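Me: Please take a close look at the internal cavities of this structure, and begin with the second largest one. I would like to know what lines that cavity and how the elements around it are arranged.

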Amino acid sequence: MRLRHLVALVAVVSLTACGGQRQPAGSSGSGGRLTIATGNTTGVYYQLGGALASVISQKMSGYRATASETGASVQNIQGLVSGNYDVAFSLGDSAADAVNGVNSFKSKQDVVALTRLYNNYTQVAVRTSANINSIADLKGKRVSTGSPNSGTEVIARRLLESAGLNPASDVTAQRLGLPESVDAMKSGSIDALVWSGGLPTGGITDLVTSMGNGVKLLPITDLLPKMQEKYGEVYSAAPIPAATYKQPADVTTIVVPNVLLVRKNMKDDLAEQLTKTLYDNLDALVTVNAAAKGITLDNADKTDPVPLHPGAKKALDALH
């Protein structure tokens, strides 16, 4: 419990630590403060980002890291490029869009990866009474598609389009963060929510615990072929095990890997230190959320099409 309290404290402190202009420690490589862009407060990015910030502050001499609550992937990359953050969690599909300069990004972004992380699971929760059994059934429904400029929003829109729906007109879209989405499901003001996160996600645990049989998770892998045809192999299929949220059976869904990003101009020695520190202290992240068990050296360098930072590559080669 002490570790959980420490992680929460680090993350809360960071909310006041990110304003104003500053010289990013990541580009100078001279030591100082590092800011980590995470995600919604009840999501896995936020938990693991807080744990990573704590580890960096304790283990990397001369550095103090803080974890900042954000809208997640797209916003994280935008903030990383602008210098507001030094390290950023992101979904692999959003990161691929950034380096290719497509979709949410009008030009190619100078971001690279320190490592591949765990997989994010697309979790579509619907009210049992809403008669929703597929993504196509969301037509005419009130749906939370995630925070503005989040990886969840990107995936939600792609799911709707793959099901033949127009996200702007065929659903009543609510651009809510996970805590607000869960509250809206409980109050009955929305019929469904889309969330992309690790397993378990605290907000989804809260939802299914509170609503019981009043909510269910939707299998969505029927849309995988269309997603892959348009966006590539960044999307794959995997089950959400029944035990994760005490559901009656596994739920098949679409997954996408996460990556940990930095700017291309981060000093090699700093990128190397950060990567080594993460893997040397992986148990601390697993203690905070079991999703971190999916962070493995076997997959660490599988970040394509996002380039791996040379410093990170040096660290990973030494760790293997």
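Reply: The element that gives the most to the lining of the second largest cavity is α10, with three residues. This is a predicted model, and the volumes and angles below are computed from it. The helix α10 spans residues 268–280, and α3 is the other element named with it as supplying at least two residues of this lining. The space inside comes to about 40 Å³. Its lining consists of L52, I56, V87, L114, L260, L274, T275 and L278. By class that is seven nonpolar residues and one polar residue, with no charged residue.

The two helices also pack against each other. The axes of α3 and α10 come within 10 Å and cross at roughly 110°. An angle of 65 to 115 degrees counts as roughly perpendicular, so α3 is roughly perpendicular to α10. The crossing of α3 past α10 is right-handed. On the α3 side, the contact is made by L52, V55, I56 and K59, and on the α10 side by L274, T277 and L278. The classes in this contact are five nonpolar, one polar and one charged.

Several residues appear in both descriptions. L52 and I56 of α3 meet α10, and L52 and I56 also line the second largest cavity. L274 and L278 of α10 take part in the helix contact and are likewise among the lining residues. T275 is in the cavity lining too, while T277 is listed in the contact between the helices.

For context, the search of the whole structure finds two cavities of 30 Å³ or more. The largest holds about 130 Å³ of space. Its lining has 19 residues, and the closest to the centre are Y45, A72, T152, W195 and S196. Four elements give two or more residues to that lining: α3 (44–59), β4 (111–127), α6 (151–162) and β7 (192–197). Of these, β7 gives the most, with three residues. The helix α3 thus belongs to the lining of the largest cavity and to that of the second largest.

The class make-up of the two linings can be set side by side. In the largest cavity the lining has six nonpolar and 13 polar residues, whereas the second largest has seven nonpolar and one polar. Charged residues are absent from the lining of the largest cavity and from that of the second largest.

How values were computed
Residues numbered from 1 in each chain as written. Predicted model: local features only at pLDDT ≥ 70, side-chain atom pairs only at ≥ 80, totals over all residues. Heavy atoms only, no water. 1 Å grid on protein atoms, 1.4 Å probe; cavity = no way out; pocket = protein on both sides within 12 Å on 5 of 7 lines; lining within 4 Å. Points joined across faces, edges and corners; volume = space filled by probe spheres on them. Nonpolar A, V, L, I, M, F, W, Y, C, P; charged D, E, K, R; others polar. Axes fitted to C-alpha atoms, helices over the stretch in contact; angles between N-to-C directions. Parallel < 35°, antiparallel > 145°, perpendicular 65-115°, else oblique. Left-handed = near helix turned anticlockwise from the far one by under 90°. Contact = heavy atoms within 4.5 Å.
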